[in-house]
Amino acid sequence: MHCLDVIDHSRVKEPERLSQLFLNSHVTSNFSSIQDIKRPAKHCIPEHHGNNVEWVNREYNILKVHTGPQGLGRVEVSHTIMSSVYQRLMLNIQEHMVNLGVPIMPESEFNGLRDGLSCLTPRQGLSVFNRREWPVNFVRCNTAREFRANFVRKATKLYKFCMAAIHLCGGPAPRGTEEAVTRLLNSETELMRNILFMKGTLGVQNGYAMMLRYVN
Amino acid sequence: MQRITLTNRYTKQRRYNPNTEMVVKFLPRTFAMALASVILYVKPVEAEFARELYGSDPSQTSEFLFTVEGRPVEPKSMTTILSEIYSEFGFVINISDFRLAGYLLKMH
(Lines give C-alpha, C1' and ligand atoms only; values in the text may rest on other atoms or scores of the structure.)
Protein backbone atom coordinates (compact mmCIF):
# COMPACT_ATOMS: atom_id res chain seq x y z
CA MET A 1 0.00 0.00 0.00
CA HIS A 2 2.77 2.44 0.84
CA CYS A 3 4.33 2.08 -2.57
CA LEU A 4 1.48 4.18 -3.93
CA ASP A 5 3.37 7.24 -2.75
CA VAL A 6 6.44 6.61 -4.81
CA ILE A 7 5.45 5.06 -8.09
CA ASP A 8 3.85 6.81 -11.01
CA HIS A 9 0.12 7.21 -10.45
CA SER A 10 -0.66 5.92 -13.91
CA ARG A 11 0.59 2.51 -12.81
CA VAL A 12 -2.00 2.39 -10.09
CA LYS A 13 -4.87 4.37 -11.51
CA GLU A 14 -4.93 2.91 -14.98
CA PRO A 15 -5.47 -0.75 -13.98
CA GLU A 16 -8.12 0.39 -11.51
CA ARG A 17 -9.87 2.48 -14.18
CA LEU A 18 -9.80 -0.38 -16.67
CA SER A 19 -11.07 -2.79 -14.03
CA GLN A 20 -13.98 -0.57 -13.16
CA LEU A 21 -14.75 0.10 -16.80
CA PHE A 22 -14.65 -3.46 -18.08
CA LEU A 23 -14.42 -6.03 -15.29
CA ASN A 24 -16.81 -4.96 -12.57
CA SER A 25 -19.80 -7.22 -12.37
CA HIS A 26 -22.18 -4.25 -12.53
CA VAL A 27 -21.06 -3.02 -15.93
CA THR A 28 -21.87 -4.33 -19.37
CA SER A 29 -18.71 -5.27 -21.17
CA ASN A 30 -17.27 -7.80 -23.56
CA PHE A 31 -15.17 -9.30 -20.76
CA SER A 32 -18.06 -11.33 -19.44
CA SER A 33 -15.95 -14.43 -18.90
CA ILE A 34 -13.75 -12.55 -16.41
CA GLN A 35 -16.83 -11.04 -14.82
CA ASP A 36 -18.27 -14.51 -14.47
CA ILE A 37 -15.15 -15.64 -12.65
CA LYS A 38 -15.06 -12.62 -10.42
CA ARG A 39 -18.73 -12.63 -9.40
CA PRO A 40 -18.89 -16.06 -7.72
CA ALA A 41 -15.38 -15.68 -6.37
CA LYS A 42 -16.49 -12.61 -4.48
CA HIS A 43 -19.72 -14.07 -3.19
CA CYS A 44 -18.34 -17.41 -2.14
CA ILE A 45 -15.78 -15.97 0.27
CA PRO A 46 -18.10 -15.77 3.31
CA GLU A 47 -19.79 -19.11 2.63
CA HIS A 48 -16.85 -21.26 1.71
CA HIS A 49 -16.51 -24.13 4.15
CA GLY A 50 -12.76 -23.71 4.48
CA ASN A 51 -13.04 -19.99 4.77
CA ASN A 52 -11.06 -18.40 7.59
CA VAL A 53 -11.85 -14.77 6.98
CA GLU A 54 -14.99 -12.70 7.16
CA TRP A 55 -15.59 -9.23 5.83
CA VAL A 56 -16.61 -6.72 8.43
CA ASN A 57 -18.33 -4.18 6.23
CA ARG A 58 -19.86 -3.72 2.82
CA GLU A 59 -16.92 -1.69 1.59
CA TYR A 60 -14.75 -4.82 1.82
CA ASN A 61 -11.84 -2.92 3.32
CA ILE A 62 -11.84 -4.49 6.79
CA LEU A 63 -11.85 -8.18 7.51
CA LYS A 64 -11.51 -10.52 10.42
CA VAL A 65 -9.13 -13.46 10.21
CA HIS A 66 -10.03 -16.62 12.04
CA THR A 67 -7.03 -17.64 14.06
CA GLY A 68 -5.90 -20.29 16.51
CA PRO A 69 -5.95 -24.10 16.26
CA GLN A 70 -9.75 -24.26 16.20
CA GLY A 71 -10.18 -21.06 14.23
CA LEU A 72 -12.05 -19.53 17.13
CA GLY A 73 -9.92 -16.41 17.47
CA ARG A 74 -10.67 -13.28 15.46
CA VAL A 75 -8.15 -10.64 14.43
CA GLU A 76 -9.28 -7.56 12.57
CA VAL A 77 -7.10 -6.52 9.64
CA SER A 78 -7.45 -3.42 7.50
CA HIS A 79 -5.27 -1.01 5.59
CA THR A 80 -5.83 1.48 8.40
CA ILE A 81 -4.44 -0.92 10.99
CA MET A 82 -1.49 -1.83 8.79
CA SER A 83 -0.78 1.82 8.12
CA SER A 84 -0.88 2.58 11.84
CA VAL A 85 1.54 -0.25 12.62
CA TYR A 86 3.80 0.94 9.81
CA GLN A 87 3.89 4.51 11.15
CA ARG A 88 4.80 3.28 14.63
CA LEU A 89 7.49 1.06 13.16
CA MET A 90 8.95 4.13 11.46
CA LEU A 91 9.02 5.99 14.77
CA ASN A 92 10.76 3.06 16.45
CA ILE A 93 13.30 2.80 13.66
CA GLN A 94 14.13 6.49 14.03
CA GLU A 95 14.39 6.19 17.82
CA HIS A 96 16.66 3.18 17.55
CA MET A 97 18.93 4.99 15.10
CA VAL A 98 19.24 7.83 17.60
CA ASN A 99 19.95 5.37 20.43
CA LEU A 100 22.64 3.72 18.36
CA GLY A 101 24.21 7.09 17.61
CA VAL A 102 23.80 6.50 13.88
CA PRO A 103 22.54 9.33 11.67
CA ILE A 104 19.79 8.90 9.10
CA MET A 105 21.22 10.18 5.86
CA PRO A 106 19.73 13.40 4.48
CA GLU A 107 17.76 13.41 1.26
CA SER A 108 20.62 15.00 -0.66
CA GLU A 109 22.95 12.13 0.26
CA PHE A 110 20.27 9.55 -0.44
CA ASN A 111 19.65 11.00 -3.90
CA GLY A 112 23.34 10.65 -4.66
CA LEU A 113 23.53 6.92 -3.94
CA ARG A 114 24.83 4.72 -6.72
CA ASP A 115 23.90 1.18 -7.66
CA GLY A 116 24.68 -1.13 -10.53
CA LEU A 117 21.43 -2.82 -11.40
CA SER A 118 23.05 -5.08 -13.95
CA CYS A 119 26.02 -5.97 -11.73
CA LEU A 120 26.02 -9.66 -10.83
CA THR A 121 29.55 -9.86 -9.50
CA PRO A 122 29.61 -11.68 -6.16
CA ARG A 123 30.03 -9.57 -3.03
CA GLN A 124 28.83 -6.40 -4.77
CA GLY A 125 26.01 -4.25 -3.44
CA LEU A 126 25.00 -0.84 -2.16
CA SER A 127 27.56 -0.85 0.65
CA VAL A 128 30.34 -1.54 -1.85
CA PHE A 129 29.23 1.04 -4.40
CA ASN A 130 28.76 3.66 -1.69
CA ARG A 131 31.54 3.16 0.85
CA ARG A 132 31.53 5.54 3.78
CA GLU A 133 34.24 6.60 6.22
CA TRP A 134 31.72 7.12 9.02
CA PRO A 135 31.62 3.45 10.19
CA VAL A 136 35.42 3.26 10.31
CA ASN A 137 35.59 6.33 12.54
CA PHE A 138 32.69 5.10 14.69
CA VAL A 139 34.43 1.77 15.34
CA ARG A 140 37.67 3.55 16.13
CA CYS A 141 35.99 5.88 18.63
CA ASN A 142 33.92 3.26 20.47
CA THR A 143 36.16 0.59 21.89
CA ALA A 144 34.39 -0.38 25.13
CA ARG A 145 33.26 -4.00 25.06
CA GLU A 146 29.96 -3.26 26.76
CA PHE A 147 29.17 -0.48 24.31
CA ARG A 148 29.90 -2.77 21.38
CA ALA A 149 27.77 -5.63 22.74
CA ASN A 150 24.95 -3.18 23.35
CA PHE A 151 25.27 -1.84 19.81
CA VAL A 152 25.02 -5.32 18.28
CA ARG A 153 21.99 -6.13 20.42
CA LYS A 154 20.20 -2.93 19.49
CA ALA A 155 21.10 -3.37 15.84
CA THR A 156 19.26 -6.70 15.77
CA LYS A 157 16.19 -5.04 17.24
CA LEU A 158 16.48 -2.35 14.57
CA TYR A 159 16.64 -5.00 11.85
CA LYS A 160 13.48 -6.59 13.25
CA PHE A 161 11.63 -3.30 12.89
CA CYS A 162 12.98 -2.91 9.36
CA MET A 163 11.91 -6.42 8.35
CA ALA A 164 8.45 -5.86 9.79
CA ALA A 165 8.14 -2.57 7.90
CA ILE A 166 9.35 -4.13 4.65
CA HIS A 167 6.78 -6.88 5.13
CA LEU A 168 4.02 -4.26 5.18
CA CYS A 169 5.19 -2.31 2.13
CA GLY A 170 4.21 -2.98 -1.44
CA GLY A 171 1.27 -5.32 -1.06
CA PRO A 172 1.27 -9.04 -0.20
CA ALA A 173 4.63 -10.14 1.09
CA PRO A 174 6.64 -13.27 0.49
CA ARG A 175 6.95 -15.89 3.18
CA GLY A 176 9.03 -15.27 6.27
CA THR A 177 11.48 -17.92 5.20
CA GLU A 178 12.15 -15.96 2.03
CA GLU A 179 12.40 -12.64 3.82
CA ALA A 180 14.84 -14.02 6.38
CA VAL A 181 17.55 -14.27 3.75
CA THR A 182 17.17 -10.79 2.31
CA ARG A 183 20.60 -10.21 0.77
CA LEU A 184 22.44 -6.92 0.60
CA LEU A 185 25.22 -8.29 -1.59
CA ASN A 186 25.29 -10.46 -4.68
CA SER A 187 26.19 -14.05 -3.91
CA GLU A 188 28.04 -16.79 -5.74
CA THR A 189 24.99 -19.02 -5.99
CA GLU A 190 22.02 -16.70 -6.12
CA LEU A 191 23.46 -13.84 -8.13
CA MET A 192 21.36 -10.73 -7.65
CA ARG A 193 21.06 -9.15 -4.20
CA ASN A 194 17.58 -8.36 -2.91
CA ILE A 195 17.91 -4.67 -2.06
CA LEU A 196 18.56 -2.25 -4.88
CA PHE A 197 18.59 1.50 -5.35
CA MET A 198 16.19 2.27 -8.17
CA LYS A 199 13.60 4.79 -9.27
CA GLY A 200 14.75 7.21 -6.57
CA THR A 201 14.13 4.82 -3.71
CA LEU A 202 15.10 1.40 -2.47
CA GLY A 203 13.51 -1.60 -4.09
CA VAL A 204 13.29 -4.99 -2.45
CA GLN A 205 13.52 -7.65 -5.10
CA ASN A 206 12.72 -11.25 -4.34
CA GLY A 207 10.90 -12.59 -7.34
CA TYR A 208 7.58 -12.72 -5.62
CA ALA A 209 5.21 -12.15 -8.52
CA MET A 210 2.24 -10.84 -6.56
CA MET A 211 4.07 -7.62 -5.83
CA LEU A 212 4.46 -4.71 -8.19
CA ARG A 213 6.44 -5.35 -11.30
CA TYR A 214 9.38 -3.23 -12.34
CA VAL A 215 10.46 -3.61 -15.92
CA ASN A 216 13.72 -2.11 -17.02
CA MET B 1 -15.98 1.40 -5.04
CA GLN B 2 -14.97 -2.09 -6.09
CA ARG B 3 -11.58 -3.05 -7.39
CA ILE B 4 -10.09 -6.25 -8.56
CA THR B 5 -6.53 -7.29 -9.06
CA LEU B 6 -5.94 -10.20 -11.37
CA THR B 7 -2.89 -12.26 -10.55
CA ASN B 8 -2.01 -15.14 -12.77
CA ARG B 9 1.74 -15.38 -12.45
CA TYR B 10 1.97 -16.60 -8.92
CA THR B 11 5.25 -18.27 -8.25
CA LYS B 12 6.51 -19.74 -5.04
CA GLN B 13 10.06 -19.61 -6.18
CA ARG B 14 12.52 -16.81 -6.22
CA ARG B 15 13.43 -15.55 -9.63
CA TYR B 16 17.16 -15.28 -9.68
CA ASN B 17 17.54 -15.01 -13.43
CA PRO B 18 18.30 -11.34 -14.00
CA ASN B 19 17.19 -11.57 -17.62
CA THR B 20 13.59 -11.89 -16.57
CA GLU B 21 11.47 -9.03 -15.31
CA MET B 22 12.31 -7.92 -11.82
CA VAL B 23 9.55 -7.92 -9.25
CA VAL B 24 10.18 -5.20 -6.76
CA LYS B 25 8.72 -3.64 -3.64
CA PHE B 26 9.32 0.07 -3.82
CA LEU B 27 9.85 1.41 -0.33
CA PRO B 28 8.54 4.84 0.73
CA ARG B 29 11.45 7.27 0.53
CA THR B 30 11.45 8.12 4.24
CA PHE B 31 11.84 4.47 5.10
CA ALA B 32 14.29 3.95 2.25
CA MET B 33 16.56 6.68 3.65
CA ALA B 34 16.55 5.01 7.05
CA LEU B 35 17.20 1.60 5.52
CA ALA B 36 20.04 2.97 3.38
CA SER B 37 21.55 4.37 6.59
CA VAL B 38 21.24 0.95 8.18
CA ILE B 39 23.00 -0.65 5.23
CA LEU B 40 25.80 1.90 4.91
CA TYR B 41 26.35 2.84 8.56
CA VAL B 42 24.97 0.20 10.94
CA LYS B 43 25.89 -3.00 9.10
CA PRO B 44 29.64 -2.25 8.74
CA VAL B 45 29.86 -1.31 12.43
CA GLU B 46 27.94 -4.42 13.47
CA ALA B 47 30.21 -6.57 11.29
CA GLU B 48 33.29 -5.28 13.08
CA PHE B 49 31.81 -5.45 16.58
CA ALA B 50 30.29 -8.93 16.08
CA ARG B 51 33.56 -10.23 14.68
CA GLU B 52 35.40 -9.11 17.77
CA LEU B 53 32.73 -10.12 20.32
CA TYR B 54 31.29 -13.31 18.87
CA GLY B 55 33.73 -14.38 16.19
CA SER B 56 31.11 -13.84 13.50
CA ASP B 57 32.17 -13.81 9.88
CA PRO B 58 32.03 -10.15 8.72
CA SER B 59 31.20 -11.21 5.18
CA GLN B 60 28.02 -12.91 6.43
CA THR B 61 27.08 -9.91 8.53
CA SER B 62 27.47 -7.70 5.48
CA GLU B 63 25.63 -10.03 3.15
CA PHE B 64 22.33 -10.37 5.02
CA LEU B 65 20.07 -7.58 6.20
CA PHE B 66 18.79 -9.48 9.21
CA THR B 67 21.45 -10.81 11.52
CA VAL B 68 21.70 -11.69 15.20
CA GLU B 69 25.14 -11.21 16.72
CA GLY B 70 26.35 -10.75 13.19
CA ARG B 71 24.99 -14.04 11.89
CA PRO B 72 21.98 -14.81 9.66
CA VAL B 73 19.11 -16.62 11.33
CA GLU B 74 17.36 -19.88 10.60
CA PRO B 75 14.82 -18.82 7.92
CA LYS B 76 11.95 -20.64 9.62
CA SER B 77 12.29 -18.36 12.64
CA MET B 78 11.38 -15.24 10.70
CA THR B 79 7.61 -15.72 10.86
CA THR B 80 7.81 -15.91 14.65
CA ILE B 81 10.05 -12.86 14.75
CA LEU B 82 7.64 -10.84 12.62
CA SER B 83 4.65 -11.96 14.68
CA GLU B 84 6.42 -10.90 17.87
CA ILE B 85 7.20 -7.47 16.48
CA TYR B 86 3.62 -6.88 15.35
CA SER B 87 2.42 -8.07 18.76
CA GLU B 88 4.50 -5.34 20.40
CA PHE B 89 2.28 -2.87 18.55
CA GLY B 90 -0.92 -4.57 19.59
CA PHE B 91 -1.41 -6.33 16.27
CA VAL B 92 -1.47 -9.96 17.36
CA ILE B 93 -1.66 -12.23 14.36
CA ASN B 94 0.02 -15.27 12.88
CA ILE B 95 1.99 -14.26 9.82
CA SER B 96 0.43 -16.87 7.55
CA ASP B 97 -3.02 -15.59 8.54
CA PHE B 98 -1.83 -12.07 7.93
CA ARG B 99 -0.59 -12.98 4.46
CA LEU B 100 -4.03 -14.34 3.59
CA ALA B 101 -5.65 -11.15 4.80
CA GLY B 102 -3.19 -9.15 2.73
CA TYR B 103 -4.25 -10.94 -0.44
CA LEU B 104 -7.92 -10.39 0.17
CA LEU B 105 -7.55 -6.73 1.05
CA LYS B 106 -5.47 -6.31 -2.09
CA MET B 107 -8.16 -7.95 -4.20
CA HIS B 108 -10.77 -5.50 -3.10
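**A helix, a small sheet and a shared core**

Let me begin with helix H7 of chain A, residues 145-168, which has 24 residues and reaches 35 Å from its first C-alpha to its last, close to the 34 Å expected at 1.5 Å a residue. Please keep in mind, as you follow along, that what we are looking at is a predicted model. Just after H7(A) comes Gly170(A), and the phi angle of this glycine is positive, near 75 degrees.

From the helix I would like to turn to the sheet in chain A. It is an open sheet of 3 strands, arranged in the order E1-E2-E3, and the pairing is antiparallel. Which strands stand at the edges? They are strand E1, residues 53-55, and strand E3, residues 73-78, and because each of them has a single partner strand, one side of each is left without a neighbour in the sheet. If we ignore direction, neighbouring strands of this sheet are turned by 25 degrees against each other on average. Looking at one pair in detail, E1(A) and E2(A) are joined in the antiparallel sense over 3 bridges, and Trp55(A) stands opposite Leu63(A) in E2(A).

Let us stay with strand E2 of chain A, which covers residues 62-67, and pick out Ile62(A), which lies in it. Is Ile62(A) buried, exposed or something in between? It counts as partly exposed, because it has 16 C-beta neighbours inside 10 Å, whereas a buried residue would need 20 or more and an exposed one would have 12 or fewer. Leaving aside residues up to four places away in sequence, Ile62(A) touches Val56(A), Asn57(A), Glu76(A) and Ser78(A). Met163(A), by contrast, is 101 residues from Ile62(A) in sequence, and their C-alpha atoms are 24 Å apart in space.

Now I come to the nonpolar core, where both chains appear. The largest such core has 61 residues, and those with the most contacts inside it are Leu158(A), Cys162(A), Ala164(A), Ala165(A), Leu35(B) and Ala36(B). Helix H1 of chain B, residues 29-54, gives the largest share of this core, namely 15 residues. What does Ala36(B) touch, if we do not count residues up to four places away in sequence? Its contacts are Met105(A), Phe110(A), Leu113(A) and Leu202(A).

Finally, a word on how chain B is divided: domain 1 runs over residues 27-73 and domain 2 over residues 74-108. The centres of these two domains of chain B, taken over C-alpha atoms, are separated by 23 Å.

Methods: Residues are numbered from 1 along each chain as its sequence is written. Chains are lettered from A and ligands numbered from 1 in the order in which they are written. This is a predicted model: local features need pLDDT of at least 70, side-chain atom pairs count only at pLDDT 80 or more; totals for chains, interfaces and linings use all residues. Helices (H or I, at least four residues) and strands (E, at least two) are DSSP runs, numbered from the N terminus. The expected span of a helix is 1.5 Å times one less than its number of residues. Domain bounds come from an automatic or database domain assignment. Two residues are in contact if their C-beta atoms, placed from the backbone, lie within 7 Å. A nonpolar core is a set of buried Ala, Val, Leu, Ile, Met, Phe, Trp, Tyr and Cys residues joined through C-beta atoms within 7 Å. Two strands pair if DSSP finds at least two bridges between them. Axes are lines fitted to C-alpha atoms, for helices over the stretch in contact, and angles run from 0 to 180 degrees between N-to-C directions.
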